[in-house]
Amino acid sequence: MESSTHDNENNLTWIMCSKWKENSEGSIFHLANMFLFLGFMGGSGFYGLLYMFTFLALGLFCYTIWAWSDVCTTDTFSWTFVLFVVSVAQVVHVSYRLRSVTFDKELQELFNFLFKKLGVSLTQYGKIVSCCEGDIHTIEKDHCFAMEGKTAIDKLSVLLSGRIRVTVNGEFLHYIYPFQFLDSPEWDSLKPSEEGVFQVTLRADNTCKYVAWRRKKLYLLFAKHRYIAKIFALLVRNDIADKLYSLNDKAFDGHGFRYDLRLPSFCHVPVPELEKTDAPAAVPGQSEDTMPIESAP
């Protein structure tokens with residue numbers, strides 16, 4: 001008798017569950033799937049992970065509510081609840097990591113302007129900032145960042161705010177504006193084991209802020225992270241190219257000589273004489289005996 005009653009209860013439960021499945025699953029079930037669909041469209045990086053796990057948590061929460069409302073889905077409820085808890089834990093973990101790599105306003109602007117467009121992640125940028133210890137330096141108006149022939153080349157610096165005037169022998173060369181390197185030509189002209197001094201004077205036109213990396217620390221960072229080394233090489237050479245372009249038809253002294261940043265001693269060539277003659281120009285250091293002679297027609 002008891003066995004018959006137990007069989008009837010099982011049959012009744014099976015009929016109820018089958019009848020329930022013939023109808024629509026309900027709005028909560030479809031909302032859960034919509035959240036999961038949006039969650040799996042998340043990208044990479046911290047913000048992508050935060051986006052993905054947030055929507056997964058919402059979707060699994062809706063699944064948990066849906067499973068709780070029906071006695072036939074106890075196992076489904078258990079699994080969805082566990083996955084919901086895991087997703088929430090992931091959201092908390094990613095949020096904590098994202099909070100730990102936040103930077104000062106100036107450093108965040110530097111990341112957005114220089115590094116973000118090159119695909120540098122916040123984690124990699126955090127290593128770059130740690131290399132300079134996050135210190136932001138200030139130069140007062142009319143104070144010098146470097147003096148010609150005196151200041152040693154021992155760091156790589158980027159201007160964050162203000163304007164720097166670059167001169168050589170008292171003659172104006174060009175300005176340095178925010179998010180440009182202050183000493184990219186000097187950095188690129190020396191090998192890691194070499195030492196040198198500035199061949200130009202860098203003076204602040206107004207109060208300026210900059211961030212600087214010491215050569216030794218930066219080279220150690222490059223040795224550990226080759227990708228960061230490639231990023232800096234690209235940025236430095238692009239900055240040098242911009243400076244050379246800014247010198248075009250501008251950097252002349254009172255005698256009509258043009259300075260050339262590509263030469264380590266800022267050698268100059270008399271431009272007016274070159275423009276007036278069609279004769280081949282002599283290479284500095286080459287004697288007249290080795291000059292090419294045009295054959296007679």
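This is a short talk about one predicted model, going from its overall make-up to two sheets and two helices.

Okay, hi everyone. Some ground rules before we look around. Residues are numbered from 1 along each chain as its sequence is written, and side-chain values use heavy atoms, with hydrogens and water left out. Since the model is predicted, local features need pLDDT of at least 70 and side-chain atom pairs count only at pLDDT 80 or more, while totals for chains, interfaces and linings use all residues.

So what is pLDDT? That's the predictor's confidence in each residue, from 0 to 100. For this chain the mean is 77, and 73% of the residues reach 70 or more. Among the elements, strand β6 (residues 201-204) has the highest mean pLDDT, 94, and strand β9 (residues 268-270) the lowest, 43. Over residues 261-297 pLDDT stays under 50, and the model has 31 contacts there beyond four places in sequence; a contact means heavy atoms within 4.5 Å. Where pLDDT is low, the predicted coordinates should not be read in detail.

Now the big picture. The chain comes to 10 helices and nine strands. Those are DSSP runs, numbered from the N terminus: helices are H or I with at least four residues, strands are E with at least two. Of the 297 residues, 34% count as buried. Buried means under 20% relative accessible area, exposed over 50%, and partly exposed is in between, with a 1.4 Å probe and protein chains only. Take the contacts between residues at least 6 apart in sequence: 67% of them join residues at least 24 apart.

On to the sheets. Two strands pair if DSSP finds at least two bridges between them. One open sheet has four strands in the order β2-β6-β4-β5, with antiparallel pairing. Which strands sit at the edges? Here they are β2 (144-146) and β5 (171-176), each pairing on one side only. Neighbouring strands of this sheet are turned by 30° against each other on average, direction ignored. That angle is between axes fitted to C-alpha atoms, for helices over the stretch in contact; in general angles run from 0 to 180 degrees between N-to-C directions. If you want to find a pair by eye, β2 and β6 have two bridges, and Cys144 stands opposite Arg203 in β6.

The other open sheet has three strands, β1-β7-β3, also with antiparallel pairing. Its edges are β1 (137-139) and β3 (155-161), and the average turn between neighbours is 35°, direction ignored. Look at β3: six bridges link this strand to β7 (residues 208-214). Ser157 has Ala212 as its bridge partner, and Leu156 stands opposite Trp213. How covered is β3? Six of its seven residues are buried.

Last stop, helices. Helix α6 (residues 122-131) has buried residues including Leu122, Tyr125 and Ile128. Just after α6, Glu133 takes a positive phi of about 60°.

Then there's α9, residues 226-247. Its 22 residues reach 32 Å from first C-alpha to last, close to the 32 Å expected at 1.5 Å a residue, where the expected span is 1.5 Å times one less than the number of residues. Among its buried residues are Ile228, Phe232, Leu235 and Ile240. Down the axis, the buried residues of α9 fall within an arc of 165°, so they line one face; the arc is that of the directions from the helix axis to the C-beta atoms. On the other side, Arg226, Lys230, Arg237 and Tyr245 are exposed.
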